[in-house]
Amino acid sequence: MKRRRGSPSRPRRVARAALAALAALVVVAAGLAGLVVRQNTYDLREEAVTVRYGGRTLHAVLALPERGKGPFPLVVFVHGDGPVDATHDGFYRPMWESFARAGYASLSWDKPGVGGAPGDWLDQTMEDRAREAAAAIAWARRRPDVDGRRIGLWGASQAGWVLPKIAAQDGRIRFAIAVSPAVNWHRQGRYNLLAELRRDGASDAEVAAALRRRETGLELLGRGAPYEEYVRAVGDPQGMTAARWRFVSRNHTADATADLPALRGVPVLLVLAGHDVNVDTTDTEAAYRRLLPAPPLRVAHYPTATHGLIRHDVERSPVRLTLTALCAPRALFAEGFLSDQRRFLSSLATDEDNDGGPGRPGPLPVRGVAPRS
């Protein structure tokens, strides 16, 4: 059969269709790229700064509200465990933006040995970390764009042992946000071990073996045994390196209850997650309520959140977690987490007539937050 004059051949039609599909893909890709750029652009002014103290150097980021000269009240970030950089791989930026909308600046820095910073974070004790933060706060108070009378703390997980120590060293801390903070190193470790074993479906025999292994490790830590003896005693070190063993040896007696009273009278927002396998939130809440009187203490529960206040339904899917972090980073967090912290900061009244004394939580309600009864 003859092809009608003017109608394209099949190969040409296929080629045109392929070109059209390619063009559509280019448009979609460009749109997605634009979306990613927009979602990872924040209403902030970030300034790389250097903090020097005791012959050491901190590589830091000062995140300022997008507009205004200040002086701005400041939130000082204290990291949890691990090799964390100043932005926590971008994880902090949604919080910095939320705080900036309440008129607050944020300060954070690379841990020693991270991102080219000098030193090694595994050489630090909790006291070292507190002194480091106190030096950063002293530096910030000399900045004309920072209100030195209105500086507070934000810290997560391991920072639960550091925040109260900072407050004990610096009597001018005006507020604290404690996110999934640990209280007692030994109790926290046992809880974490059992929670992970249950999550992974371990048998009774596996649980018993893990507990015996843990008791062996604690006995060795208690008498200051070297790493080599630990390896001989337990066999497979399962990720416990020599450097990590030294770190644990220096810090395993940490207990926040000795220092928490330093935060009495200071507005504290305690943030707890419903899917926390790292920290026993019941134990943490009981300690905070026992040691910090009402009304300054406020407790926020997020039933759908994991230890890092990431939505549980997002974190349990690696693919979804990656796509959300890339395309909608603000949506990583449990509902209300960002806005509740912003409301908490906005509710802090400035008592300028009392020589910059601590603010008090105002009447503005914070979703999911309840004062001690």
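Student: Which backbone oxygen does the side chain of Ser-339 reach?

Tutor: Happy to start there, and please keep in mind that this is a predicted model. Ser-339 is found in helix α12, which covers residues 337-346. Its side chain makes a contact at 3.3 Å, and the partner is the backbone oxygen of Gly-336.

Student: Is Ser-339 buried or exposed?

Tutor: The relative accessible area of Ser-339 is 14%. Buried means under 20%, so Ser-339 counts as buried.

Student: Where does Arg-174 lie, and how far away is the nearest side chain of opposite charge?

Tutor: Arg-174 sits in the loop between α4 (163-169) and β6 (176-179). This arginine is buried, yet it has no salt bridge. A salt bridge needs a nitrogen and a carboxyl oxygen within 4 Å. The nearest side chain of opposite charge belongs to Asp-170, at 6.7 Å.

Student: What does the side chain of Arg-174 reach at 3.4 Å?

Tutor: Although Arg-174 has no salt bridge, its side chain does have a polar partner in the backbone. At 3.4 Å, that partner is the backbone oxygen of Arg-149.

Student: Which side chain meets Arg-149 in a salt bridge?

Tutor: Arg-149 is partly exposed, at 38% relative accessibility. Its salt-bridge partner is buried, at 8% relative accessibility. The N to O distance is 3.5 Å, and the partner is Asp-147.

Student: How many salt bridges does a search of the whole structure find?

Tutor: The pair of Asp-147 and Arg-149 is a salt bridge, and so is the pair of Asp-43 and Arg-101. Searching the whole structure gives a total of 23.

Student: How many residues apart in sequence are the parts that Asp-43 and Arg-101 tie together?

Tutor: These two form a salt bridge whose closest N and O atoms are 3.3 Å apart. Asp-43 lies in the loop between α1 (10-39) and β1 (44-53), while Arg-101 is in helix α2 (residues 93-101). The pair therefore ties together parts of the sequence separated by 58 residues.

Student: Which of these two, Asp-43 or Arg-101, counts as exposed?

Tutor: Asp-43 has 34% relative accessibility, which makes it partly exposed. Exposed means over 50%. At 53%, the exposed residue is Arg-101.

Student: Which residues are linked with Asp-43 and Arg-101 in a network of salt bridges?

Tutor: Asp-43 and Arg-101 form a salt bridge with each other. They also belong to a network of salt bridges, and the other members are Glu-97 and Arg-330.

Student: How many residues apart are Asp-123 and Arg-250?

Tutor: The closest N and O atoms of this salt bridge are 4.0 Å apart. The pair links distant parts of the chain: Asp-123 is in the loop between β4 (105-109) and α3 (126-141), and Arg-250 is in helix α8, a separation of 127 residues.

Student: At what angle do the axes of α6 and α8 cross, and what is the handedness?

Tutor: The axes of α6 (residues 204-222) and α8 (residues 242-251) come within 10 Å and cross at roughly 70°. The two helices are therefore roughly perpendicular to each other. As for handedness, the crossing is right-handed.

Student: How far apart in space are Gly-82 and Val-114?

Tutor: Gly-82 lies in the loop between β3 (72-78) and α2, and it is buried at 11% relative accessibility. Gly-82 and Val-114 are 32 residues apart in sequence, and their C-alpha to C-alpha distance is 9.8 Å.

Note on methods: Residues are numbered from 1 along each chain as its sequence is written. This is a predicted model: local features need pLDDT of at least 70, side-chain atom pairs count only at pLDDT 80 or more; totals for chains, interfaces and linings use all residues. Side-chain values use heavy atoms; hydrogens and water are left out. Helices (H or I, at least four residues) and strands (E, at least two) are DSSP runs, numbered from the N terminus. Buried means under 20% relative accessible area, exposed over 50%, partly exposed in between (1.4 Å probe, protein chains only). Lys and Arg count as positive and Asp and Glu as negative; His and the chain ends are not counted. A polar contact is a pair of N or O atoms within 3.5 Å; within protein, one must be able to donate a hydrogen and the other to accept it, and residues adjacent in sequence count only if both atoms are side-chain atoms. Axes are lines fitted to C-alpha atoms, for helices over the stretch in contact, and angles run from 0 to 180 degrees between N-to-C directions. Angles under 35 degrees count as roughly parallel, over 145 as roughly antiparallel, 65 to 115 as roughly perpendicular and the rest as oblique. A crossing is left-handed if the near helix is turned anticlockwise from the far one by less than a right angle, and right-handed if clockwise.
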